[in-house]
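Colleague: I am new to this one. Could you walk me through how to read it?

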Amino acid sequence: MPELPEVQTIAAGLNKYLPNLQFAAVSCDTPKLFPNDPDLVNMHLLGSQVRQVSRRGKAIIIDLNTGYSLVIHLKMTGQLIFVSPEMRDKIPEQMPGRFTHIIFAFTDGSHLYFNDQRKFGWIKLMPAEEVWELKFLKEMGPEPLMEAFNEKYFAEKLKRRQMAPIKAVILEQKVVAGVGNIYADESLFLSGILPSRSAGSLKPKEVKALCANIKKVLAYSIELGGSSRKDYVNAIGQKGDYLDEAYVYGRTGQPCRHCDSPIEKTKVAGRGTHFCRHCQK
DNA sequence: CACTTGACCTGTCCGC
DNA sequence: TGCGGACAGGTCAAGT
(Lines give C-alpha, C1' and ligand atoms only; values in the text may rest on other atoms or scores of the structure.)
Protein backbone atom coordinates (compact mmCIF):
# COMPACT_ATOMS: atom_id res chain seq x y z
CA MET A 1 0.00 0.00 0.00
CA PRO A 2 2.04 2.84 1.16
CA GLU A 3 4.96 4.74 -0.29
CA LEU A 4 6.60 7.77 1.23
CA PRO A 5 3.69 10.24 0.97
CA GLU A 6 1.25 7.73 2.46
CA VAL A 7 3.60 6.74 5.29
CA GLN A 8 4.35 10.41 5.93
CA THR A 9 0.63 11.18 6.17
CA ILE A 10 0.04 8.28 8.55
CA ALA A 11 3.02 9.15 10.76
CA ALA A 12 1.99 12.80 10.95
CA GLY A 13 -1.56 11.78 11.83
CA LEU A 14 -0.39 9.42 14.56
CA ASN A 15 1.96 12.05 15.90
CA LYS A 16 -1.03 14.28 16.42
CA TYR A 17 -2.94 11.76 18.53
CA LEU A 18 -0.55 9.30 20.19
CA PRO A 19 1.96 11.35 22.21
CA ASN A 20 1.38 10.96 25.97
CA LEU A 21 -1.09 8.10 25.55
CA GLN A 22 -0.27 5.11 27.73
CA PHE A 23 -0.39 1.51 26.46
CA ALA A 24 -2.79 -0.66 28.45
CA ALA A 25 -2.92 -3.87 26.40
CA VAL A 26 -1.92 -5.43 23.10
CA SER A 27 -3.38 -8.41 21.27
CA CYS A 28 -2.33 -10.12 18.06
CA ASP A 29 -3.88 -13.02 16.14
CA THR A 30 -0.94 -13.59 13.77
CA PRO A 31 2.36 -13.87 15.68
CA LYS A 32 4.63 -13.27 12.70
CA LEU A 33 3.23 -9.74 12.37
CA PHE A 34 4.24 -8.96 15.96
CA PRO A 35 7.31 -11.15 16.61
CA ASN A 36 8.09 -9.88 20.09
CA ASP A 37 8.99 -11.65 23.33
CA PRO A 38 5.96 -11.38 25.68
CA ASP A 39 8.25 -10.52 28.61
CA LEU A 40 9.73 -7.59 26.69
CA VAL A 41 6.25 -6.43 25.77
CA ASN A 42 5.17 -6.55 29.41
CA MET A 43 8.25 -4.73 30.63
CA HIS A 44 8.81 -2.09 28.00
CA LEU A 45 5.56 -1.55 26.09
CA LEU A 46 2.67 -2.04 28.51
CA GLY A 47 2.48 0.94 30.86
CA SER A 48 4.75 3.02 28.64
CA GLN A 49 3.78 6.35 27.12
CA VAL A 50 4.27 7.46 23.54
CA ARG A 51 6.89 10.18 23.10
CA GLN A 52 6.65 10.80 19.37
CA VAL A 53 5.92 9.21 16.00
CA SER A 54 8.28 9.64 13.06
CA ARG A 55 9.11 8.18 9.66
CA ARG A 56 12.23 7.04 7.82
CA GLY A 57 11.69 5.88 4.24
CA LYS A 58 8.58 3.72 4.42
CA ALA A 59 9.11 2.77 8.07
CA ILE A 60 7.17 4.28 10.98
CA ILE A 61 8.87 4.63 14.36
CA ILE A 62 6.97 5.16 17.60
CA ASP A 63 9.30 6.18 20.44
CA LEU A 64 8.27 5.29 23.99
CA ASN A 65 9.26 6.79 27.32
CA THR A 66 10.86 3.46 28.35
CA GLY A 67 13.73 3.91 25.90
CA TYR A 68 12.10 1.38 23.59
CA SER A 69 10.53 1.97 20.18
CA LEU A 70 8.00 0.27 17.96
CA VAL A 71 9.24 -0.03 14.38
CA ILE A 72 6.47 -0.61 11.86
CA HIS A 73 6.51 -1.58 8.20
CA LEU A 74 3.17 -1.65 6.39
CA LYS A 75 4.52 -3.34 3.24
CA MET A 76 1.74 -3.69 0.63
CA THR A 77 -1.57 -3.66 2.45
CA GLY A 78 -0.88 -2.61 6.02
CA GLN A 79 -2.96 0.08 7.72
CA LEU A 80 -2.61 1.81 11.09
CA ILE A 81 -5.83 3.34 12.28
CA PHE A 82 -6.32 5.33 15.45
CA VAL A 83 -9.73 5.49 17.04
CA SER A 84 -10.53 7.46 20.18
CA PRO A 85 -13.85 7.04 21.99
CA GLU A 86 -15.08 10.39 20.59
CA MET A 87 -14.15 9.42 17.03
CA ARG A 88 -15.65 5.94 17.11
CA ASP A 89 -19.02 6.79 15.58
CA LYS A 90 -17.47 8.96 12.85
CA ILE A 91 -14.94 6.55 11.29
CA PRO A 92 -15.66 5.23 7.78
CA GLU A 93 -15.33 1.56 8.74
CA GLN A 94 -16.01 -0.58 11.75
CA MET A 95 -12.86 -1.25 13.82
CA PRO A 96 -11.65 -3.86 14.43
CA GLY A 97 -12.35 -5.01 10.88
CA ARG A 98 -12.00 -8.14 8.82
CA PHE A 99 -8.25 -7.60 8.40
CA THR A 100 -7.36 -6.33 11.88
CA HIS A 101 -4.53 -8.44 13.28
CA ILE A 102 -3.04 -6.35 16.07
CA ILE A 103 -4.87 -4.12 18.52
CA PHE A 104 -3.19 -1.69 20.91
CA ALA A 105 -5.43 -0.39 23.68
CA PHE A 106 -4.58 2.80 25.57
CA THR A 107 -5.56 3.69 29.11
CA ASP A 108 -7.85 6.51 27.95
CA GLY A 109 -10.04 4.09 26.00
CA SER A 110 -8.61 4.78 22.55
CA HIS A 111 -7.19 2.11 20.24
CA LEU A 112 -4.65 1.70 17.47
CA TYR A 113 -5.54 -0.98 14.90
CA PHE A 114 -3.04 -2.68 12.61
CA ASN A 115 -4.88 -4.11 9.60
CA ASP A 116 -3.17 -6.11 6.87
CA GLN A 117 -4.95 -8.12 4.24
CA ARG A 118 -1.84 -9.84 2.91
CA LYS A 119 0.01 -10.13 6.23
CA PHE A 120 3.34 -8.90 4.85
CA GLY A 121 3.74 -6.08 7.36
CA TRP A 122 5.24 -6.24 10.85
CA ILE A 123 5.73 -4.37 14.12
CA LYS A 124 8.89 -4.83 16.18
CA LEU A 125 9.57 -3.65 19.72
CA MET A 126 13.21 -2.86 20.43
CA PRO A 127 15.52 -0.55 22.34
CA ALA A 128 15.58 2.85 20.65
CA GLU A 129 19.34 2.73 20.10
CA GLU A 130 19.02 -0.58 18.20
CA VAL A 131 16.52 0.81 15.71
CA TRP A 132 19.19 2.42 13.58
CA GLU A 133 21.17 -0.82 13.59
CA LEU A 134 18.39 -2.59 11.71
CA LYS A 135 19.94 -3.62 8.43
CA PHE A 136 17.33 -2.06 6.17
CA LEU A 137 17.47 1.27 8.04
CA LYS A 138 21.24 1.30 8.24
CA GLU A 139 21.58 0.75 4.49
CA MET A 140 18.70 3.03 3.48
CA GLY A 141 19.50 5.81 1.04
CA PRO A 142 18.82 9.51 1.68
CA GLU A 143 15.38 10.99 2.20
CA PRO A 144 14.32 12.24 -1.24
CA LEU A 145 13.00 15.54 0.10
CA MET A 146 16.26 16.40 1.84
CA GLU A 147 19.25 18.12 0.30
CA ALA A 148 21.31 14.92 0.69
CA PHE A 149 19.37 13.54 -2.26
CA ASN A 150 20.77 15.73 -5.01
CA GLU A 151 21.90 15.48 -8.60
CA LYS A 152 25.51 14.76 -7.69
CA TYR A 153 24.68 11.95 -5.27
CA PHE A 154 22.13 10.48 -7.68
CA ALA A 155 24.51 10.51 -10.66
CA GLU A 156 27.15 8.83 -8.51
CA LYS A 157 24.74 6.04 -7.54
CA LEU A 158 23.61 5.52 -11.12
CA LYS A 159 27.20 4.97 -12.21
CA ARG A 160 27.22 1.66 -10.32
CA ARG A 161 23.96 0.54 -11.88
CA GLN A 162 24.59 0.86 -15.59
CA MET A 163 22.50 -2.04 -16.88
CA ALA A 164 19.42 -2.13 -14.69
CA PRO A 165 16.27 -0.35 -15.89
CA ILE A 166 16.09 3.12 -14.35
CA LYS A 167 12.77 2.23 -12.74
CA ALA A 168 14.37 -0.69 -10.86
CA VAL A 169 17.06 1.65 -9.56
CA ILE A 170 14.74 4.32 -8.19
CA LEU A 171 12.63 1.63 -6.51
CA GLU A 172 15.72 0.55 -4.62
CA GLN A 173 15.58 1.84 -1.03
CA LYS A 174 19.37 1.87 -0.80
CA VAL A 175 19.48 4.44 -3.60
CA VAL A 176 16.70 6.70 -2.39
CA ALA A 177 14.27 6.09 0.46
CA GLY A 178 10.53 5.89 0.00
CA VAL A 179 9.91 5.71 -3.76
CA GLY A 180 7.53 2.88 -4.72
CA ASN A 181 5.75 1.77 -7.84
CA ILE A 182 3.33 4.69 -8.18
CA TYR A 183 5.84 7.52 -7.74
CA ALA A 184 8.47 5.72 -9.81
CA ASP A 185 6.09 5.76 -12.79
CA GLU A 186 4.97 9.32 -12.10
CA SER A 187 8.44 10.80 -11.74
CA LEU A 188 9.68 9.05 -14.89
CA PHE A 189 6.74 10.45 -16.83
CA LEU A 190 7.44 13.98 -15.61
CA SER A 191 11.06 13.52 -16.64
CA GLY A 192 10.24 12.23 -20.13
CA ILE A 193 12.17 9.00 -19.51
CA LEU A 194 10.95 5.51 -20.42
CA PRO A 195 11.00 3.26 -17.31
CA SER A 196 12.76 0.50 -19.25
CA ARG A 197 15.77 2.65 -20.18
CA SER A 198 18.99 1.39 -18.64
CA ALA A 199 20.19 3.64 -15.82
CA GLY A 200 23.52 4.04 -17.61
CA SER A 201 21.84 5.50 -20.68
CA LEU A 202 20.56 8.60 -18.89
CA LYS A 203 22.16 11.87 -19.90
CA PRO A 204 23.21 14.32 -17.16
CA LYS A 205 20.23 16.51 -17.99
CA GLU A 206 17.89 13.56 -17.53
CA VAL A 207 19.47 12.59 -14.21
CA LYS A 208 18.96 16.14 -13.00
CA ALA A 209 15.33 16.20 -14.15
CA LEU A 210 14.55 12.86 -12.55
CA CYS A 211 16.08 13.91 -9.25
CA ALA A 212 13.99 17.08 -9.26
CA ASN A 213 10.79 15.32 -10.33
CA ILE A 214 11.05 12.65 -7.64
CA LYS A 215 11.08 15.48 -5.11
CA LYS A 216 8.28 17.32 -6.88
CA VAL A 217 5.88 14.41 -7.19
CA LEU A 218 6.41 13.21 -3.60
CA ALA A 219 5.93 16.71 -2.18
CA TYR A 220 2.78 17.20 -4.24
CA SER A 221 1.33 13.87 -3.13
CA ILE A 222 2.00 14.68 0.52
CA GLU A 223 -0.01 17.87 0.01
CA LEU A 224 -2.90 15.79 -1.33
CA GLY A 225 -2.73 13.25 1.50
CA GLY A 226 -1.16 10.46 -0.59
CA SER A 227 -2.60 7.93 -3.05
CA SER A 228 -5.49 5.58 -2.37
CA ARG A 229 -5.62 2.69 -4.78
CA LYS A 230 -7.73 0.43 -2.63
CA ASP A 231 -6.25 -0.18 0.77
CA TYR A 232 -4.58 3.07 1.71
CA VAL A 233 -6.11 5.25 4.38
CA ASN A 234 -4.51 7.71 6.77
CA ALA A 235 -4.29 7.39 10.55
CA ILE A 236 -7.98 8.09 10.95
CA GLY A 237 -9.20 6.01 8.04
CA GLN A 238 -9.49 8.64 5.29
CA LYS A 239 -8.34 8.19 1.69
CA GLY A 240 -5.79 10.36 -0.18
CA ASP A 241 -6.39 12.24 -3.42
CA TYR A 242 -3.18 11.95 -5.43
CA LEU A 243 -4.46 9.33 -7.87
CA ASP A 244 -7.11 11.78 -9.10
CA GLU A 245 -4.19 13.85 -10.34
CA ALA A 246 -1.87 11.04 -11.49
CA TYR A 247 -0.27 11.35 -14.92
CA VAL A 248 0.18 7.69 -15.75
CA TYR A 249 -0.29 5.40 -12.75
CA GLY A 250 -3.58 3.53 -13.01
CA ARG A 251 -4.52 5.33 -16.23
CA THR A 252 -3.95 2.53 -18.77
CA GLY A 253 -5.77 3.34 -22.02
CA GLN A 254 -6.71 6.85 -20.88
CA PRO A 255 -5.35 9.89 -22.73
CA CYS A 256 -2.00 11.30 -21.68
CA ARG A 257 -2.48 14.62 -19.90
CA HIS A 258 0.21 16.19 -22.08
CA CYS A 259 -0.37 14.75 -25.57
CA ASP A 260 -3.61 12.70 -25.53
CA SER A 261 -1.91 9.45 -26.65
CA PRO A 262 -3.23 6.46 -24.72
CA ILE A 263 -1.23 5.54 -21.60
CA GLU A 264 0.29 2.08 -21.96
CA LYS A 265 1.06 -0.58 -19.38
CA THR A 266 3.91 -3.09 -19.43
CA LYS A 267 6.10 -4.87 -16.92
CA VAL A 268 9.47 -3.48 -15.87
CA ALA A 269 11.55 -4.85 -13.00
CA GLY A 270 8.71 -7.28 -12.34
CA ARG A 271 6.24 -4.49 -11.63
CA GLY A 272 3.27 -3.13 -13.49
CA THR A 273 4.55 -0.03 -15.28
CA HIS A 274 2.61 2.84 -16.85
CA PHE A 275 4.00 5.24 -19.44
CA CYS A 276 3.29 7.46 -22.43
CA ARG A 277 5.16 6.29 -25.51
CA HIS A 278 4.99 9.75 -27.03
CA CYS A 279 6.14 11.85 -24.05
CA GLN A 280 8.78 9.44 -22.70
CA LYS A 281 11.89 8.52 -24.68
C1' DC B 1 29.22 -7.49 -7.56
C1' DA B 2 25.14 -6.56 -10.70
C1' DC B 3 20.96 -8.09 -11.82
C1' DT B 4 16.69 -11.11 -12.01
C1' DT B 5 13.29 -14.07 -10.20
C1' DG B 6 10.44 -16.11 -6.88
C1' DA B 7 8.45 -16.14 -2.35
C1' DC B 8 5.78 -14.19 1.28
C1' DC B 9 -0.23 -14.10 1.73
C1' DT B 10 -4.88 -13.12 0.47
C1' DG B 11 -8.36 -10.81 -2.03
C1' DT B 12 -10.22 -9.02 -6.23
C1' DC B 13 -10.85 -8.52 -10.92
C1' DC B 14 -10.99 -10.04 -15.68
C1' DG B 15 -11.97 -13.17 -19.36
C1' DC B 16 -14.07 -17.36 -20.79
C1' DT C 1 -23.02 -17.23 -12.13
C1' DG C 2 -18.69 -19.93 -11.71
C1' DC C 3 -13.87 -20.81 -12.28
C1' DG C 4 -8.99 -20.28 -13.13
C1' DG C 5 -5.40 -17.17 -13.73
C1' DA C 6 -3.25 -12.73 -13.36
C1' DC C 7 -2.40 -9.08 -10.56
C1' DA C 8 -1.82 -5.92 -6.36
C1' DG C 9 1.34 0.00 -3.61
C1' DG C 10 7.17 -3.86 -0.72
C1' DT C 11 11.17 -6.30 0.36
C1' DC C 12 14.23 -10.19 0.86
C1' DA C 13 16.57 -14.57 -0.24
C1' DA C 14 18.38 -17.23 -3.58
C1' DG C 15 19.57 -17.80 -8.17
C1' DT C 16 22.33 -16.73 -12.66
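Modeller: Start with Lys119. This is a predicted model, and in it a side-chain N or O atom of Lys119 sits 3.2 Å from a phosphate oxygen of DNA strand B.

Colleague: Which backbone atoms lie close to a phosphate oxygen of DNA strand B?

Modeller: Look for N or O atoms within 3.5 Å. Gln162 has a backbone N or O atom 3.5 Å from a phosphate oxygen of the strand. Ala164 has one at 3.2 Å.

Colleague: How many residues surround DNA strand B?

Modeller: Count residues with a heavy atom within 4 Å. Here there are 14, and the closest are Gln117, Arg118, Arg161, Met163 and Ala164. By class, seven are charged, five nonpolar and two polar.

Colleague: What parts of DNA strand B lie within 4 Å of the protein?

Modeller: Sort the strand's atoms. Sugar or phosphate accounts for 73% of those within 4 Å of the protein, and bases for the rest.

Colleague: Now the fold. How many helices and strands does chain A have?

Modeller: Nine helices and ten strands. The radius of gyration is 20 Å, and the globule rule gives 19 Å for 281 residues, so chain A is as compact as a globular protein of that length. Its C-alpha atoms fill a box of roughly 55 × 40 × 30 Å along the principal axes.

Colleague: In what order do β2, β3, β4 and β8 line up?

Modeller: Read a sheet from edge to edge. These four form an open, antiparallel sheet in the order β2-β3-β4-β8. β2 (50–56) and β8 (122–127) each have a single partner strand, so one side of each lacks a neighbour in the sheet. Neighbouring strands are turned by 20 degrees against each other on average, direction ignored.

Colleague: How many bridges join β4 to β8?

Modeller: Six, with β4 covering residues 68–73. One pair to find is His73 with its bridge partner Trp122 in β8.

Colleague: Which strands does helix α1 lie across?

Modeller: Helix α1 (residues 4–17) lies across β2 and β3 (59–64), and runs at about 170 degrees to β2.

Colleague: Which strands stand at the edges of the β1-β6-β7-β5 sheet?

Modeller: Four strands make up this open, antiparallel sheet. Its edges are β1 (23–28) and β5 (78–83), each with a single partner, so one side of each has no neighbour in the sheet. The average turn between neighbouring strands is 15 degrees, direction ignored. Six bridges join β5 to β7 (residues 111–116). Leu80 stands opposite Phe114 in β7.

Key:
Residues are numbered from 1 along each chain as its sequence is written. Chains are lettered from A and ligands numbered from 1 in the order in which they are written. This is a predicted model: local features need pLDDT of at least 70, side-chain atom pairs count only at pLDDT 80 or more; totals for chains, interfaces and linings use all residues. Side-chain values use heavy atoms; hydrogens and water are left out. A polar contact is a pair of N or O atoms within 3.5 Å; within protein, one must be able to donate a hydrogen and the other to accept it, and residues adjacent in sequence count only if both atoms are side-chain atoms. Ala, Val, Leu, Ile, Met, Phe, Trp, Tyr, Cys and Pro count as nonpolar, Asp, Glu, Lys and Arg as charged, and the others, Gly among them, as polar. Two strands pair if DSSP finds at least two bridges between them. Helices (H or I, at least four residues) and strands (E, at least two) are DSSP runs, numbered from the N terminus. Axes are lines fitted to C-alpha atoms, for helices over the stretch in contact, and angles run from 0 to 180 degrees between N-to-C directions. Contact means heavy atoms within 4.5 Å. The radius of gyration is taken over C-alpha atoms; the globule rule is 2.2 Å times the number of residues to the power 0.38.
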